[in-house]
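Please look at the sequence and the 3D structure below before reading on. The text after them goes through some helices, some strands and some charged pairs.

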Amino acid sequence: MIWKITSLIFHRPKQVLSSISNPFSRQRILLSTFPANSPDLKTLCSNGQLKEALLEMGIQGLEVEFQGYDSVLTECISQTAIREGQRVHAHIIKTCYEPPVYLRTRLIVLYNKCRCLGDARRVLDEMPERNVVSWTAMISGYSQRGYASEALHLFVEMLMSGTAPNEFTLATVLTSCTSSSGFQLGRQIHSLVIKTNFESHIFVGSSLLDMYAKAGKICEARGVFDGLPERDVVSCTAIISGYAQLGLDEEALDLFRRLQREGMRSNYVTYASVLTALSGLAALDHGRQVHSHVLRAKLPFYVVLQNSLIDMYSKCGSLTHSRRIFDSMPERTVISWNAMLVGYSKHGLGREAVELFKLMKEENKVKPDSVTFLAVLSGCSHGGMEDRGLEIFYEMVNQKDGFEPEIEHYGGVVDLFGRAGRVEEAFEFIKKMPFEPTAAIWGSLLGACRVHQNVHIGEFVAHRLLEIEPENAGNYVILSNLYASAGRWDDVRMVRELMKEKAVIKEPGRSWIELDQTLHTFHASDRSHPRKEEVFAKVRELSIKIKEAGYVPELSCVLYDVDDEQKEKILQGHSEKLALAFGLICTPGGTPVRIIKNLRICVDCHNFAKFLSRVYGREVSLRDKNRFHHIVGGTCSCGDYW
């Protein structure tokens, strides 16, 4: 054995002596006396034997070449094996092997996949030469981990180096164009896409339309979509999701139907986007159909799809279905818990929300986040449980659950006080907050002042809001309503003149009802519906009938300086009443009537619906801007507390 080593030294003195201190060299020298019967690195890796491959790599030492390194690195990437990958990288350095661009890029991919972005960037920075794949791999790593700024800066650096991007580079970097500054760069990248003739590429086109949709530029997104020579499920889902996220629910649903007719095969993300649109429309029948489609298609029930189903059913008024899906989930994320908690909150079921929150803490599998606490506080607010809500808030302040309250949670407490009629306490609470109050917090207090007719505090709050957001029509309207409820008609006229001066337009109230999978929309005193005469006649008939049962119109809801007869006529034209009347005309007796309104329901329409439910034996489900009202036998689930 000694003779053989001596012989090797004499025959190859330079190679051996220069690497005598290298453990890989010693292993190679010692093992050179034995026949090479060890298995091939590629074979070991193809069998998933990564540990054995690493051992063999150590034995081979200096003799490992490109194919061996490639096989082991590929298996490390496949198994997301960071320690093993670092051993391969160390082996490359110690053996002084000069890896080509391809292998260095594989190292970048490995480190990115294992969330070691710093190591990946060091590999890129140390590369003597780089190609478009190397740059794209690093840009993709930043984009996937949410480092949009770093991705964009690296893309600019790539362009300055003279490397031309390919379709994968462009598609990847566009996903990072999210902020206002990023969007401006995204528009420049769009110009580059056009110049390099990549606009018709499906990957690039999908990323472009997604960028425009997320920036709220849905017309530009639709233009890109319509210009694609071919479309896949990703591009179709991106445009549907864009419409749904912007609240353009009917457009999202219409496009989904059209694409289905054209043969689009939906995946779970497509269905989740459609369910978001159906949630906005509260289209329960359509939602059930989509749920059936999902079941028939035998799609895997990913958590995101189940969360969308929970949200859809709760926003369509069917909490029973929401809870059934929630209880059947094998795995729940914090979003799952939040969707169920928000559902209980919107339905005014504060006790159920608190019980579910308690269960979440007892299971201790998922940690509550900011939205969780907001949902519970909102549930207590809507459910008339202000003391329990305050208790939960002060537990947060004391960091009992390891979570410190943010400004939104302070806003939740203001809402809690306001709904309970404790307007002065809410005002004092705002003064003592450790944060500067936002427009949303002042707006919550102003709404409470309107409901509880606290003109003194309401005037102060309204003027603060008009300074903060002079373009928000809602603030002018609430202040005008506050003055009107106090009979201060001169001030009402002053506010309305100010609105004209500022060119501020109030959002018109509208209500809609789904019948036979068709949405019928009504505006106040609407004369556009094809059955308008029949609807108005039905409202008058209903008013006479329920007056006999004790209904008295709440004339204070009319905020115009007119006589009582005119006020009652105005009340009869409210969009909720028109939708309710249409529902009674078009549905058989005994079936529920489901109405959705874009604004808060007024007291008179709420009373009207309660009497209608009792006299006609109908269940009425009415979803307004803030919450649900389930009315059965003349009693509302909100307990007249909203």
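What follows is a walk through parts of this structure, which is a predicted model.

A good place to begin is the record. An unreviewed UniProt entry annotates residues 131-165, 232-266 and 333-367 as "repeat: PPR". In the model, residues 131-165 are 74% helix and 0% strand, and the C-alpha atoms at the two ends are 10 Å apart. Residues 232-266 are likewise 74% helix and 0% strand, with end C-alpha atoms 10 Å apart.

Helix 7 covers residues 82-94. Its 13 residues should span 18 Å at 1.5 Å a residue, and the end C-alpha atoms are indeed 18 Å apart. Which residues of helix 7 are buried? They are G85, V88, H89, H91 and I92. Viewed down the axis of helix 7, these buried residues fall within an arc of 155 degrees, so they line one face of the helix. R83 and I93, on the other side of helix 7, are exposed. After helix 7 comes C96, which has a positive phi near 60 degrees.

Helix 10, residues 132-144, also has 13 residues, and its end C-alpha atoms are 18 Å apart, in agreement with the 18 Å expected at 1.5 Å a residue. Eleven of the 13 residues of helix 10 are buried, so the helix is largely enclosed by the rest of the structure. Among the buried residues are V132, W135, M138, I139 and Y142. What covers the buried residues of helix 10? The cover includes helix 8 (101-113), helix 9 (117-126), helix 11 (148-160) and helix 12 (167-174).

Helix 23 runs over residues 350-363. It has 14 residues and reaches 20 Å from its first C-alpha to its last, close to the 20 Å expected at 1.5 Å a residue. The buried residues of helix 23 are G350, A353, V354, L356, F357 and M360. They fall within an arc of 160 degrees when seen down the helix axis, so they line one face of helix 23. An α-helix has 3.6 residues a turn, so residues three or four places apart point the same way. The buried residues of helix 23 pack against helix 21 (319-328), helix 22 (334-346), helix 24 (370-382) and helix 25 (386-397). The face turned away from the buried side carries the exposed residues R351, E355 and E362. Just after helix 23, N364 takes a positive phi of about 55 degrees.

The next topic is strands. Strand 1 consists of residues 510-515, and five of these six residues are buried, so the strand is largely enclosed by the rest of the structure. Which way do strand 1 and strand 2 run relative to each other, parallel or antiparallel? Strand 1 and strand 2 (residues 518-523) are antiparallel, and six bridges join them. One point along this pairing is S511, whose bridge partner in strand 2 is F522. Strand 1 and strand 2 form a hairpin with two residues between the strands, and there D516 takes a positive phi near 50 degrees. Strand 1 also pairs with strand 3 (residues 593-597), again in the antiparallel sense, over two bridges. In this second pairing W512 stands opposite I596 of strand 3.

Charged pairs come last. Side chains of opposite charge can pair when their charged atoms come close. The model has 29 salt bridges by the rule used here, a side-chain nitrogen of Lys or Arg within 4 Å of a carboxyl oxygen of Asp or Glu. In one of them the side chains of E497 and K500 meet, at 4.0 Å from N to O. Both residues lie in helix 31 (residues 489-502), three residues apart, which is about one turn of the helix. E497 is partly exposed at 48% relative accessibility, while K500 counts as exposed at 64%.

D226 and R231 also meet in a salt bridge, at 3.9 Å from N to O. D226 is partly exposed, with a relative accessible area of 42%, and R231 is partly exposed at 31%. Another salt bridge joins the side chains of R531 and E534, at 3.0 Å from N to O. Here R531 is partly exposed, at 33%, and E534 is partly exposed, at 38%. Salt bridges with shared partners join R222, D226, R231, R258 and E262 into one network.

Notes:
Residues are numbered from 1 along each chain as its sequence is written. This is a predicted model: local features need pLDDT of at least 70, side-chain atom pairs count only at pLDDT 80 or more; totals for chains, interfaces and linings use all residues. Side-chain values use heavy atoms; hydrogens and water are left out. Buried means under 20% relative accessible area, exposed over 50%, partly exposed in between (1.4 Å probe, protein chains only). Helices (H or I, at least four residues) and strands (E, at least two) are DSSP runs, numbered from the N terminus. Two strands pair if DSSP finds at least two bridges between them. UniProt positions are given in the numbering used here, feature names are shortened, and annotations may be inferred rather than shown by experiment. The expected span of a helix is 1.5 Å times one less than its number of residues. The arc is that of the directions from the helix axis to the C-beta atoms. Contact means heavy atoms within 4.5 Å.
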